[in-house]
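The following exercises are to be worked with the sequence and the model at hand. Each task is followed by a solution in steps.

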Amino acid sequence: TLTPLCDKGNRPTFPKATGSAATCWQTISLTGHAEKDYEMLAAKCGTPTGAVAYVKPAAGKLHSVKDKRDTYKIHLQGGLCYRYFGVADGTVKDLDILILQRGALVGDDKANGPVAIIESDKTWCQDKDVDYDFGVEVDGTGTGTYVFGVWAQPK
């Protein structure tokens, strides 16, 4: 379970957006190192788009045969919009993020490669509180580390 860094009684001050959620990720040059690449993605698509970190980023290691998926439970607050980012080492050919509610798939990233962003061109808004499971997994072959994070901004 990833614990939100804020709650309804303690909402953060959101920064003014200076960039676009639709294009922020398009200028990132990947290094092949999950932590560095996640930091670059967050620096371009986090605060500049008016968002704050909603949970502390989670890091892990995946193996396409032995340990294909890690799952995280997150409680999302209604009235906020979210961005979901995952970045893997260059040794992971395709990292996927799956959003599940009571076992049913409700969202996934559409990209192929070591960067996974749910709805890469916009935020995912919630009208009411909801609990989701997030699967971070290797699609295909590869072994390596990853970083997964959730960012929030006002609706």
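**Exercise 1. Classify Thr13 as buried or exposed, and place it in the chain.**

Solution. The model is a predicted one. Step 1: the relative accessible area of Thr13 is 75%. Step 2: a residue counts as exposed over 50%, so Thr13 is exposed. Step 3: Thr13 belongs to the segment before helix H1 (34-45). Step 4: a distance between C-alpha atoms completes the description, since Thr13 and Val52 are separated by 8.5 Å although they are 39 residues apart along the chain.

**Exercise 2. Determine how the buried residues of H1 are arranged around its axis.**

Solution. Step 1: H1 has 12 residues, and from its first C-alpha to its last it reaches 16 Å, close to the 16 Å expected at 1.5 Å a residue. Step 2: list the buried residues of H1, which are Ala34, Asp37, Tyr38, Leu41, Ala42 and Cys45. Step 3: these residues cover an arc of only 135° around the axis, and therefore they lie on the same side of H1. Step 4: turn to the other side of H1, where Glu35, Lys36, Glu39 and Ala43 are exposed.

**Exercise 3. Establish the strand order of the open sheet of 4 strands and identify its edges.**

Solution. Step 1: the order is E3-E9-E5-E6, and the pairing is antiparallel. Step 2: strand E3 (69-76) and strand E6 (104-108) each have a single partner strand, so each stands at an edge with one side left without a neighbour in the sheet. Step 3: from one strand to the next, the twist averages 30°. Step 4: examine one pairing in detail. Strand E5 (residues 95-101) pairs with E6 over 4 bridges in the antiparallel sense. Leu100 stands opposite Leu105 in E6.

**Exercise 4. Classify the ring pairs Tyr54–Tyr82 and Phe134–Phe148 by geometry.**

Solution. Step 1: the structure holds 7 aromatic pairs. Step 2: for Tyr54 and Tyr82, the ring centres are 5.1 Å apart and the planes stand at 80°, so this pair is edge-to-face. Step 3: locate the two partners. Tyr54 lies in the loop between strand E1 (52-53) and strand E2 (58-63), while Tyr82 lies in strand E4 (residues 80-88); the pair links distant parts of the chain, 28 residues apart. Step 4: check burial. Tyr54 has 0% relative accessibility and therefore counts as buried; Tyr82, also at 0%, counts as buried.

Step 5: for Phe134 and Phe148, the centres are 5.6 Å apart and the planes stand at 40°, so this pair is tilted. Step 6: Phe134 belongs to strand E9 (residues 130-138) and Phe148 to strand E10 (residues 143-154), 14 residues apart. Both Phe134 and Phe148 are buried. Step 7: place both pairs in context. One aromatic cluster is formed by Tyr54, Tyr72, Tyr82, Tyr84, Trp124, Tyr132, Phe134 and Phe148.

**Exercise 5. Describe the nonpolar cores: which elements contribute to the largest one, and which residues does the second include?**

Solution. Step 1: the largest nonpolar core has 29 residues, and the residues with the most contacts inside it are Tyr54, Ile74, Leu76, Tyr84, Phe134 and Phe148. Step 2: two or more residues of this core come from each of E2, E3, E4, E5, E9 and E10. Step 3: E9 gives the largest share, 5 residues. Step 4: a second, separate core has 13 residues, among them Tyr38, Leu41, Phe85 and Val147. Step 5: relate this core to Exercise 2, in which Tyr38 and Leu41 appear among the buried residues of H1.

Notes: Residues are numbered from 1 along each chain as its sequence is written. This is a predicted model: local features need pLDDT of at least 70, side-chain atom pairs count only at pLDDT 80 or more; totals for chains, interfaces and linings use all residues. Side-chain values use heavy atoms; hydrogens and water are left out. Two strands pair if DSSP finds at least two bridges between them. Axes are lines fitted to C-alpha atoms, for helices over the stretch in contact, and angles run from 0 to 180 degrees between N-to-C directions. Rings of Phe, Tyr and Trp (its six-membered ring) pair if their centres lie within 6.5 Å; planes under 30 degrees apart count as stacked, over 60 as edge-to-face and the rest as tilted. Buried means under 20% relative accessible area, exposed over 50%, partly exposed in between (1.4 Å probe, protein chains only). A nonpolar core is a set of buried Ala, Val, Leu, Ile, Met, Phe, Trp, Tyr and Cys residues joined through side-chain atoms within 4.5 Å. The expected span of a helix is 1.5 Å times one less than its number of residues. The arc is that of the directions from the helix axis to the C-beta atoms.
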